[in-house]
Amino acid sequence: MSYWLQRLGAAIALLLAVSMLTFGAMNLLGDPLFNILGPSAGDTETEEGRQIIQAAKDEYNLDDPLPARYVQWAAGFVTGDFGVQFGLDGEPPVSDLIKERLPRTLTLLIMAQMMAVTLAIPWALFSASRADSAIDKVSTVTSFMFIALPSFALAVIMKYLFVIKFEIFPLIFNAADPLASRLWQMVLPAMVLALPAASVYQRLLRTDLITTLQEDYILTARSKGVSKRNVLFKHALRPSLFSFITIFAINTGALIGGALIVEQVFIIPGLGSAIVEAILREDFPVVLAIVMIVTAGFVVMNVLVDLIYSIIDPRVRAS
Amino acid sequence: MTDETDVAPVVAPADETTTRKLGIGFWISVTWIAVVVLAALLAPWLPLKDPDANFIVPGERPPYSPNGTHWFGTDQDARDLFSRTIFGARISLTVGFVAIACGMVFGGALGILAGFFRGWWDRIISFVFLVLLSFPALVLAILITALLERSQRTISNTLGILSISPVGRVARATTISFADREFVLAARTLGAKNSRIIIRELLPNVLIPMGALALLGMAVAVVAEGGLAFLGLSVAKGSTWGKLILNGSGSRLLADSPWVAFAPILVLFITVLALNFAGDRLRSYFDVKETSL
């Protein structure tokens, strides 16, 4: 129990550190007043200009000291109030924007991970059961190439092949389409994320499976007459899944980054395009909210991995 | 399924002998990297076309497809893609090199200190590494490049900060594995100070696995620059590989003249593949473990 309290404490400390860093950097390196008002932020000559500046300062509490503003922001953030957008007179609130954009990025990520896992497990079982054969070598080279190919390059190649050449997938993501066709429009972007991820998983799982298959109990099972297929699925797979789960969680962080870029190529209005637009407008509440959501997702994944560990392997709980 | 004929797979024990060779693939990769680096370094003195000149052929609309004069073709402004790709390598590779050098110096120093002194040093440095690692890398890069001016120095430093903790963790783990060895004890018994032990005894041993990591890290940094370019956050001036690919990836241009995107993609891909492969071979050659301790 104290172990989980420690884990939780570390996770919260981390989120605090990241949010303070981000919040501080944006307020010290950037100029919030200028971001809100634009050029008229420097207009201190006229009475009217001073009034506008004072009104903006009051509205966004810019006269308060930085720690006070941080506490205010953090208190709002945990209750789901992410503040107001800078540029567009605070409309719509940041949380509305997030509510609209987050589901699309999440769908993309979940689809990509599901594709990656469904591809990686059979692929790893197949190549591990034929370790060092010619076909295994081909699959190793393939996975190596997918890992080396950057997501934006793969996105451009896939877009060229499947959208322009063979016209299998539509080019544009249309937010007004019914759910089914919106999901269909996300298949190709998800595939761009899934292929390298599947390659990473396959490489790791294959190595683990090969190690597991050399254990004595596998030989025992085989000599008892358990079929090769059953040995692979029932005896070898489960103990080989540990590092797979770790890499799955770690890779989720990398996939979030990839998703932001792939969204740009396939013009999906998700968190990626939201953060790019916000940066261009220097709309820091939006940037801050997205940074925090992404980091929180990352932290939660890591805690989840520990939890799953202790469920599938009781030895972890004991230590 | 042919259950009767084959038993549980046997892995060739040949691994032991094969891993001690770097192999032909390694040398091909190194050659390619050397050629690209040399081309990038010497670009202003090579007989290349001006990367910013518009080679418009009267009566024909650019982009022109690859031909004898323009090996990679030209982009929509009739600029020569071959020389643009080579000049792009100058920025892309510099960013990659500076980034990983930054990671080696700071990450390496912190990792060795943490691994050598342990205790509070180790706890604090490990926590800093953890914070840096928990930040999704791209988000940190977005933040810094968004807040500061998008110069080559900013991009390099940002990617450098990101490479501190992965490099540092390897340095720390390697240091720990060497710190209790006999040769360190021998040096200490002879009266060597901590600074001498670190520099003369530990550093040479830690540098070898870090060298393998440097190649992989450079690949990561080159790719990261491309990713930033797609978010509109790469170096503002000059052409980089990421910006070249971004330029060619618009739907119209991609449909009509795919070479504008595919020429730089090909060069980027081969370079990243070569860096990855060479780094991977080096790593298994020196048997580097990332997770020990």
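Modeller: pLDDT is the predictor's confidence in each residue, from 0 to 100. This is a predicted model. Among the elements of chain B, helix 2 (residues 23-42) has the highest mean pLDDT, 92, and helix 1 (residues 15-18) the lowest, 46.

Biologist: What makes residues 1-19 of chain B a stretch to treat with care?

Modeller: Their pLDDT is below 50. Where pLDDT is low, the predicted coordinates should not be read in detail. The stretch does have 23 contacts in the model beyond near neighbours in sequence.

Biologist: And chain B as a whole, what does pLDDT say there?

Modeller: The average is 83, and 90% of the residues score at least 70. For the complex, the predictor gives an ipTM of 0.81 and a pTM of 0.82.

Biologist: Why is residues 15-18 of chain B called a helix?

Modeller: A helix needs a DSSP run of at least four residues, so a run over residues 15-18 counts. Chain B has eleven helices and zero strands.

Biologist: What makes a residue of chain B count among the buried 45%?

Modeller: It has 20 or more other C-beta atoms within 10 Å of its own. That share is taken over the 293 residues of chain B.

Biologist: How do you know that chain B touches chain A?

Modeller: Contact requires C-beta atoms within 7 Å. By that rule, 39 residues of chain B are in contact with 50 residues of chain A. Helices 4, 5, 8, 10 and 11 of chain B each supply at least two residues of that side.

Biologist: Which classes of residue make up that side of chain B?

Modeller: It has 30 nonpolar, seven polar and two charged residues.

Methods: Residues numbered from 1 in each chain as written. Chains lettered and ligands numbered in written order. Predicted model: local features only at pLDDT ≥ 70, side-chain atom pairs only at ≥ 80, totals over all residues. Buried ≥ 20, exposed ≤ 12 C-beta atoms within 10 Å, placed from the backbone. Contact = placed C-beta atoms within 7 Å. Nonpolar A, V, L, I, M, F, W, Y, C, P; charged D, E, K, R; others polar.
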